[in-house]
Amino acid sequence: MKRAGGVIAAAFAMGLGIGVGQGLIGRDRTEAAWAREETPVQAPAAALQGTDEQVVVRVARQVSPAVVSITSAAGSGSGVIVRREGIIVTNAHVVGGSRVVEVGLATGRPVEGRVLGRDPTVDLAVVQIPTQSIRDVPVAPVGDSDRLVVGQSAIAIGNPLGLERTVTTGVISAVNRSPREIELGGLIQTDAAINPGNSGGPLLDSRGQVVGINTAIYGGTTGLGFAVPINVAADVVRQVLTTGAIRRAYFGINYRDIEPELAAYYGLPVEEGIIVTNVDPRSPAGQAGIRPLDIIARLDDEQIRRGGDFRRVLRERQPGQTVTATVIRPGGTTRINVRLSAIRVS
């Protein structure tokens with residue numbers, strides 16, 4: 001042990017001597033260069049960046065111009081331009097009850113934004129700014145939140161505490177979260193830092209596509225942020241622009257994805273699908289006979305491999321339509337017809 005300790009100490013001393021010597025040599029060369037009024041040779045920026053760094057730098061440069069600040073009577077937050085017609089998605093709690101808000105562009109120029117619609121049930125709002133006087137309106141590309149995978153990269157951009165276009169990074173921690181304290185369902189969870197003022201800003205994947213709209217954090221915690229899936233936001237935008245109202249088909253369950261590990265642990269008969277964890281007895285699902293621990297494998301002719309498939313099918317259906325759920329139970333497989341009701345927001 002003593003001999004090993006001596007070897008380590010000697011190695012440490014040698015390393016320290018080399019490091020100090022190199023530091024002095026480097027300093028002398030730099031000072032000499034300044035004395036000759038020369039600029040010290042710097043490594044190329046690209047050489048200083050690993051693959052992960054390059055991704056974040058690229059995404060930040062690509063999307064930051066489309067991130068805006070929003071100020072209303074309710075407070076301030078962020079937003080992201082998603083259409084060249086000047087359409088911005090933000091949070092409903094950011095715009096509050098205002099019909100007009102102030103939008104701060106990346107150029108530093110403030111413009112007036114008109115609130116076209118809001119949906120407090122999913123904490124989303126649609127704002128439009130005039131584009132006639134804005135040259136080359138920056139637009140953030142929109143991704144597919146139904147295809148998110150836990151563990152993939154997540155990048156948030158927003159204006160926390162008024163610090164414009166702050167970039168933070170992390171991963172997708174979970175999908176389809178419904179935290180009681182936030183009173184929203186089907187959220188994306190991320191550990192990318194989200195703070196007051198980030199609300200309404202984009203959550204992005206490594207391709208620079210918007211996959212969520214940052215909406216909330218657990219108070220007093222670190223690394224527990226939540227975003228509304230961009231597919232939900234896209235549906236809200238579509239309805240606001242086409243009909244001026246927001247109506248959503250309602251099924252009435254909470255669920256979780258079935259994964260191979262979960263299936264093996266509980267001895268489930270399938271490795272894909274969703275398993276019902278809770279049913280609102282007054283909902284269409286409850287009235288039709290869907291119950292906890294049911295496994296939903298299909299809706300109509302659509303196979304349900306994960307929650308994203310389930311949400312996509314519901315977005316494609318209208319209130320009043322009937323869907324047929326293929327349900328797996330311990331006693332076998334059954335088909336249950338569920339007549340969807342409406343959630344009308346505006």
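The legends below accompany close-up views of a predicted model.

**View 1. The whole protein and its secondary structure.** In this predicted model, the secondary structure of the protein comprises 7 helices and 20 strands. Of the 346 residues in the protein, 44% are buried, and the protein exposes about 18,500 Å², of which carbon and sulfur atoms supply 52%. Among the contacts in the protein with a separation of 6 or more, 56% are made by residues that lie 24 or more positions apart.

**View 2. A barrel closed by 6 strands.** The strands follow one another in the order β7-β8-β9-β12-β11-β10 and close into a barrel, with antiparallel pairing. Neighbouring strands of this sheet are turned against each other by 45° on average, when direction is ignored.

**View 3. The pairing of β10 with β11.** Strand β10, which covers residues 202–204, pairs in the antiparallel sense with strand β11, which covers residues 210–217, and 3 bridges join the two. Within this pairing, Leu 203 stands opposite Gly 212 in β11.

**View 4. Helix α4 on the sheet.** Helix α4, formed by residues 230–242, packs on the sheet and touches both β11 and β12, the latter spanning residues 225–229. The direction of helix α4 makes about 45° with that of β12.

**View 5. Helix α2 across three strands.** Helix α2, formed by residues 51–63, lies across β7 (153–158), β8 (166–177) and β10. Relative to β7, helix α2 runs at about 35°. These three strands also belong to the barrel, in which the order is β7-β8-β9-β12-β11-β10.

Note on methods
Residues are numbered from 1 along each chain as its sequence is written. This is a predicted model: local features need pLDDT of at least 70, side-chain atom pairs count only at pLDDT 80 or more; totals for chains, interfaces and linings use all residues. Side-chain values use heavy atoms; hydrogens and water are left out. Two strands pair if DSSP finds at least two bridges between them. Helices (H or I, at least four residues) and strands (E, at least two) are DSSP runs, numbered from the N terminus. Axes are lines fitted to C-alpha atoms, for helices over the stretch in contact, and angles run from 0 to 180 degrees between N-to-C directions. Contact means heavy atoms within 4.5 Å. Buried means under 20% relative accessible area, exposed over 50%, partly exposed in between (1.4 Å probe, protein chains only). Accessible areas come from the Shrake-Rupley method with a 1.4 Å probe; for residues, only the protein chains shown count as cover.
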